Amino acid sequence: SANGWKPGFMAKLMLKDLRLSQMAAQSAGASTPLGAVATAAYAMHIENGNGDLDSSSIIKLLKPDLK
């Protein structure tokens, strides 16, 4: 947050990687409940217009008042 959530590894890229991991897990028949929750959380975060922020900005989903 001290850097204003400027992108290092953008949240939208994290979502892409999470979706790829979920596809790989599904094709392997593996259950990844925490991965599914993380994917859903990043999807919500990006729908709120935060895709270009650093992936650490996901904390704003829990604490929206953070600047």
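This passage describes the fold, the salt bridges, the nonpolar surface and selected distances of a single predicted chain.

In the predicted model, the chain contains three helices and zero strands, and its elements follow one another from the N terminus in the order α-α-α. Helix α1 covers residues 11-28 and helix α2 covers residues 33-50, while α3 is assigned to residues 59-62 and is followed by a further segment in which L66 is found. The C-alpha trace extends over about 40 × 20 × 20 Å when it is taken along the principal axes of the chain. Of the 67 residues in the chain, 27% are buried. Among the contacts with a separation of 6 or more, 63% are accounted for by residues that stand 24 or more positions apart. The chain exposes about 4500 Å², and 63% of this area is supplied by carbon and sulfur atoms.

With regard to charge, the chain carries 7 positive and 5 negative side chains, and the centres of these two sets lie 3 Å apart. Two salt bridges are present in the structure. In one of them, the side chains of K12 and D52 meet at 2.6 Å, taken from N to O. Because K12 belongs to helix α1 whereas D52 lies in the loop between α2 and α3, this pair ties together parts of the chain that are 40 residues apart in sequence. Both partners of this bridge retain some accessibility: K12 is partly exposed, with a relative accessible area of 40%, and D52 is likewise classed as partly exposed, at 44%.

The side chains of D17 and K16 form another salt bridge, with a distance of 2.9 Å from N to O. D17 has a relative accessible area of 33% and is therefore partly exposed, and K16, at 43% relative accessibility, also counts as partly exposed.

A nonpolar patch of about 260 Å² is found on the surface, where it is made by I59, L62 and L66. Of these residues, L66 is placed in the segment after α3, the helix that spans residues 59-62. The relative accessibility of L66 is 32%, so this residue counts as partly exposed; because patches are made of residues with over 30% relative accessible area, the value of 32% for L66 lies above the cut-off that patch membership requires.

The position of the C-terminal segment can be described further through K63, which is found in the segment after α3 and is partly exposed, with a relative accessible area of 48%. The distance between K63 and V37 is 17 Å from C-alpha to C-alpha, with their positions 26 residues apart in sequence. V37 has its place in helix α2, and its relative accessible area of 56% means that V37 is classed as exposed, since this class begins over 50%. A separation of 31 Å is found between the C-alpha atoms of K63 and A24, which are 39 residues apart along the chain.

Notes:
Residues are numbered from 1 along each chain as its sequence is written. This is a predicted model: local features need pLDDT of at least 70, side-chain atom pairs count only at pLDDT 80 or more; totals for chains, interfaces and linings use all residues. Side-chain values use heavy atoms; hydrogens and water are left out. Patches are made of residues with over 30% relative accessible area and no salt bridge: like charges are joined within 9 Å, nonpolar side chains (Val, Leu, Ile, Met, Phe, Trp, Tyr) within 5 Å. Accessible areas come from the Shrake-Rupley method with a 1.4 Å probe; for residues, only the protein chains shown count as cover. A salt bridge is a side-chain nitrogen of Lys or Arg within 4 Å of a carboxyl oxygen of Asp or Glu. Helices (H or I, at least four residues) and strands (E, at least two) are DSSP runs, numbered from the N terminus. Buried means under 20% relative accessible area, exposed over 50%, partly exposed in between (1.4 Å probe, protein chains only). Contact means heavy atoms within 4.5 Å. Lys and Arg count as positive and Asp and Glu as negative; His and the chain ends are not counted. The place of a charge is taken as NZ of Lys, CZ of Arg, CG of Asp or CD of Glu.
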